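Work through the exercises below with the coordinates open. Try each task before reading its solution.

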Amino acid sequence: MSILTAAIYNKLANDGTLTALLAAYGSEPAVFTTDPVPGNASLPYIVTAGEVTQAPFDTKQTRGRSLIRDVRCYAAADGSAAVVEQIAERVRTLLHRQVLVIDGYSWMLSDCAGPIVADDDDIYGRIISVSVIAQED
Amino acid sequence: MADSDAGVNGALFLVLVNTGTPSVPVYEAVGSQRDATVEESSANVDYSSKDSRNQRVGYGRYSSTISFEHLYIQSDTGYAALKAANRAGDMILVARELDGVALETANAKVDSMSENYPDQGESVISVAMTIDGAWTEVGT
């Protein structure tokens, strides 16, 4: 499992403001860490499945990682992008310059790019790309 | 901190500093080092003459310097020792270590410590030192 999966999931799924904007899947907020999402998932939801890039962030004595991960937000294309934009802005607020608790690592920095538009025929999308640097404990 | 035996790219050359006392030194590697340069040089004594067009040289003053760069770690004892020595104007014992083995020690003067704290980037400390005297092989 990616070192960021649990860290980002926990950050998003434990925020009441964000989860109030999302559908539920079972008893949990609709935040998915796999692609594609289950066929019976309802909009709006978030998908963050794996890193876009992952590079070493090492010194001679320490090991670390520099990662970029996309967080994709989706809502129904009902004529207004207000919901998906609210979700994306909340995701950015939760991740930009915010400490992440990463098991086995010490967080160094987080930086968000976006949200950028990723609309499709019957779904509105916004993507936030989160850059994270963390060092192994 | 990760186990440095978990893989090395390049030489595992580290700069150690004395975090103990001058009489009972305790050498510790300054944390999170990324780069190190050791320079040893000798000035020329020029004894050329009009007798020949060839330049003739001999060894003049020997000198050695170390410069290295490491990530800023607030709690690092090696960094703290260097900073204290620099501010107090004290000499500090340093050692060169390769693959976990201390090779040589020397007394050093801290010439400069440059601390760079960028926004949204790693903080890096750059240190330059001049050796007082010569390097001494460990065990001699």
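## Exercise 1: salt bridges inside chain A

Task: find the partner of A:Glu51 in a salt bridge, then place both residues.

Solution.
Step 1. A:Glu51 pairs with A:Arg69 in a salt bridge, and their closest N and O atoms are 2.8 Å apart. A salt bridge here is a side-chain nitrogen of Lys or Arg within 4 Å of a carboxyl oxygen of Asp or Glu.
Step 2. The pair links distant parts of the chain: A:Glu51 sits in strand β5 (residues 51-56) of chain A and A:Arg69 in strand β6 of chain A, 18 residues apart. Helices (H or I, at least four residues) and strands (E, at least two) are DSSP runs, numbered from the N terminus.
Step 3. A:Arg69 is buried, at a relative accessible area of 0%. Buried means under 20% relative accessible area, exposed over 50%, and partly exposed in between (1.4 Å probe, protein chains only).

Some ground rules. This is a predicted model: local features need pLDDT of at least 70, side-chain atom pairs count only at pLDDT 80 or more, and totals for chains, interfaces and linings use all residues. Residues are numbered from 1 along each chain as its sequence is written, chains are lettered from A and ligands numbered from 1 in the order in which they are written, and side-chain values use heavy atoms, with hydrogens and water left out.

Task: which residue forms a salt bridge with A:Arg72?

Solution.
Step 1. The partner is A:Asp35, with the closest N and O atoms 2.8 Å apart.
Step 2. Again distant parts of the chain are linked: A:Arg72 is in strand β6 (residues 64-76) of chain A, while A:Asp35 is in the loop between β3 (31-32) and β4 (45-47) of chain A, 37 residues apart.
Step 3. A:Arg72 is buried, with a relative accessible area of 17%. A:Asp35 is partly exposed, at 47% relative accessibility.

Task: which residues are linked with A:Arg126 in a network of salt bridges?

Solution.
Step 1. Start from the salt bridge of A:Arg126 with A:Asp119, whose closest N and O atoms are 2.8 Å apart.
Step 2. Add A:Glu85: the network links A:Glu85, A:Asp119 and A:Arg126.
Step 3. Check accessibility. A:Arg126 is buried at 7%, and A:Asp119 is partly exposed at 39%.
Step 4. Widen the search to the whole structure: it finds twelve salt bridges over all chains.

## Exercise 2: the fold of chain A

Task: how many helices and strands are there in chain A, and how does its radius of gyration compare with the globule rule?

Solution.
Step 1. Chain A has three helices and eight strands.
Step 2. Their order from the N terminus is α-α-β-β-β-β-β-β-α-β-β.
Step 3. The radius of gyration of chain A is 15 Å, close to the 14 Å that the globule rule gives for 137 residues, so chain A is as compact as a globular protein of that length. The radius is taken over C-alpha atoms, and the rule is 2.2 Å times the number of residues to the power 0.38.
Step 4. The C-alpha trace of chain A spans about 55 × 30 × 25 Å along its principal axes.
Step 5. Of the 137 residues in chain A, 45% are buried.
Step 6. Among contacts in chain A with a separation of 6 or more, 55% come from residues 24 or more positions apart. Contact means heavy atoms within 4.5 Å.

## Exercise 3: the interface

Task: how many residues of chain B are in contact with chain A, and which side chains meet in a salt bridge across the interface?

Solution.
Step 1. 21 residues of chain B are in contact with 16 residues of chain A.
Step 2. About 1500 Å² is buried between the chains, and carbon and sulfur atoms give 51% of it. Buried area is the accessible area (1.4 Å probe) that two parts lose on being put together, summed over both.
Step 3. The rule finds one salt bridge across the interface. The side chains of B:Asp119 and A:Arg97 form it (2.6 Å, N to O).
Step 4. β1 (13-18) and β3 (33-46) of chain B each supply at least two residues of the side that touches chain A. The largest share, four residues, comes from β3(B).

Task: is A:Leu109 buried or exposed, and what is it in contact with?

Solution.
Step 1. A:Leu109 lies in strand β7 (residues 105-117) of chain A.
Step 2. A:Leu109 is buried, at 9% relative accessibility.
Step 3. Leaving aside neighbours within four places in sequence, A:Leu109 is in contact with residues including A:Val132, B:Gln120 and B:Glu122.
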